[in-house]
Amino acid sequence: MSMIHWCGTGLSAVPGLRRLIENGHDVMVWNRTETKAREAVGDLTNRILAFAPEAVEAAVQPGDVVVSMLPADWHVPLAKIAIAKGAHFVSSSYISPEMRALEDAAKAAGVALVNEVGLDPGIDHLMAHDLVRAYRESDAFDPENALSFLSYCGGVPKIANAFRYKFSWAPVGVLKALRSPSRSIKQFSELNVSRPWDALGRYDAPLDPPETFEVYPNRDSIPFMEEYGFEDGWKVKDFVRGTLRLNGWAEAWKDIFATVETADDAALSKLADDLLAENAYDEGEPDRVVLCVSLKAEKDGEAVWHKTWVMDAWGDERGLAMGRLVSVPVSLAIEAVLNREIAPGVSAAPSDPKLVTRWLDEVQVLAQRLMRVDLA
């Protein structure tokens with residue numbers, strides 16, 4: 001039986017890890033502090049060790065799966081260990097250029113390096129693959145149609161506060177992300193934005209009841225057109241992958257934006273500490289995750305096909321929504337790797353219709369609401 005080496009037991013890791021252990025998989029848990037790992041899963045297993053890369057390397061056998069739920073700078077070193085030992089690798093994070101560069105080595109070793117299988121990236125990819133496939137198979141499909149693709153995801157407080165946001169873990173990452181430029185397509189033109197607040201928009205989510213959010217593009221959306229199966233000749237009007245926030249967020253954060261623009265690392269850390277003290281989730285307080293992925297095709301200015309995946313999830317007796325929506329899909333990816341359902345090489349969340357359907361069926365259980373809405 002292949003062993004799963006699960007590295008990292010932070011907030012976003014535990015539900016998926018517990019699911020694997022409860023499902024009878026052979027799991028070794030590695031964490032930088034053993035005590036925290038025992039708090040997380042000690043009631044289910046005593047197979048918990050202090051994380052050290054050389055210890056992981058010594059323990060990994062061919063056919064095993066190495067899982068990194070550690071900070072991103074650990075992913076590539078652990079993936080290299082996996083390749084060297086003939087083992088697979090799974091993480092929820094975006095595929096970095098350094099990870100992408102391992103493609104040939106992974107294929108030569110016959111192992112899968114699977115990434116982007118959390119919430120965002122992850123569940124959003126599944127929804128996008130489903131929409132593109134459904135559109136291609138529809139009577140409305142026409143390469144001459146103008147296409148608008150929108151994917152917005154955000155973790156927001158279930159009980160809104162004046163700051164319009166709450167932190168379930170260290171805010172430094174959120175603050176640093178505000179410094180990141182983005183690239184997307186708007187009205188058939190490439191839109192390059194240096195700061196998110198320069199491209200703030202409004203999104204009317206087809207929830208029940210409908211709800212309006214503030215949204216902005218993040219990272220580089222454009223490479224995902226190829227990932228989602230868009231063809232070169234298609235007429236793309238809009239293509240945005242972005243972040244969703246409660247209405248009033250930009251106004252509540254305007255002083256933060258000004259500080260983030262100029263702060264050095266020390267000042268950013270101080271700001272992060274202050275924000276966490278003032279806007280952390282209380283014990284047992286529910287978080288909320290909203291994800292909307294939409295594809296619209298227009299002919300002569302009229303919508304001829306328009307469907308949107310809508311997910312609304314919140315914390316409950318199972319714990320925070322964010323943790324289960326990130327880590328349970330990771331556990332599904334591990335099982336797919338062990339079942340040889342994912343090919344060797346570097347890949348993101350699968351496009352295979354069987355896996356997409358199966359995983360979204362699992363997400364249906366994780367979220368309070370999940371549906372594909374027809375808006376045309």
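1. In this predicted model, a good place to start is Phe167, which is buried with a relative accessible area of 3%. Its ring pairs with that of Phe163, a residue that is likewise buried, at a relative accessible area of 12%. The two ring centres lie 6.4 Å apart and the planes stand at 45 degrees, so this pair is described as tilted. The label follows from the angle, because planes under 30 degrees apart count as stacked, those over 60 as edge-to-face and the rest as tilted.

2. The structure holds 24 aromatic pairs in total. One of them is formed by Phe149 and Phe239, which are stacked, with 4.7 Å from centre to centre and 20 degrees between the planes. This pair joins distant parts of the chain, since Phe149 belongs to strand β7 (residues 146–157) and Phe239 to strand β12 (residues 235–246), and the two are 90 residues apart. Phe149 is buried at 0% relative accessible area, and Phe239, with a relative accessibility of 0%, also counts as buried.

3. Phe149 and Phe239 also take part in a cluster linked by ring pairs, whose other members include Tyr94, Tyr135, Phe141 and Phe224. Tyr228, Phe230, Trp234 and Trp305 belong to this cluster as well.

4. Aromatic rings in this model also meet charged side chains. Arg241 lies over the face of Phe224, at 4.2 Å from the ring centre, and Phe224 is itself one of the cluster members named above. Elsewhere, the charged end of Lys158 sits over the ring of Trp314, at a distance of 4.5 Å from its centre.

5. Turning to the strands, which way do the side chains of β5 point? In this strand, which covers residues 88–91, His88 and Val90 point one way while Phe89 and Ser91 point the other way, and all of them are buried. This matches a general pattern, because in a regular strand the side chains alternate between the two faces of the sheet.

6. Strand β5 has pairing partners that are worth tracing in the structure. With strand β4 (residues 65–68), β5 pairs in the parallel sense over four bridges, and within that pairing Val65 has His88 as its bridge partner. With strand β6 (residues 112–114), β5 again pairs in the parallel sense, here over two bridges, and Val90 has Val114 as its bridge partner in β6.

7. Finally, the connection between β4 and β5 deserves a look: together with helix α4 (residues 75–84), these strands make a right-handed β-α-β unit.

Note on methods: Residues numbered from 1 in each chain as written. Predicted model: local features only at pLDDT ≥ 70, side-chain atom pairs only at ≥ 80, totals over all residues. Heavy atoms only, no water. Buried < 20%, exposed > 50% of the residue type's maximum accessible area, 1.4 Å probe, protein only. Pairing = 2+ DSSP bridges. Right-handed = clockwise from strand over helix to strand, strands pointing away. Phe/Tyr/Trp six-rings, centres within 6.5 Å; stacked < 30°, edge-to-face > 60°. Lys NZ or Arg CZ within 6 Å of the ring centre and 35° of its normal.
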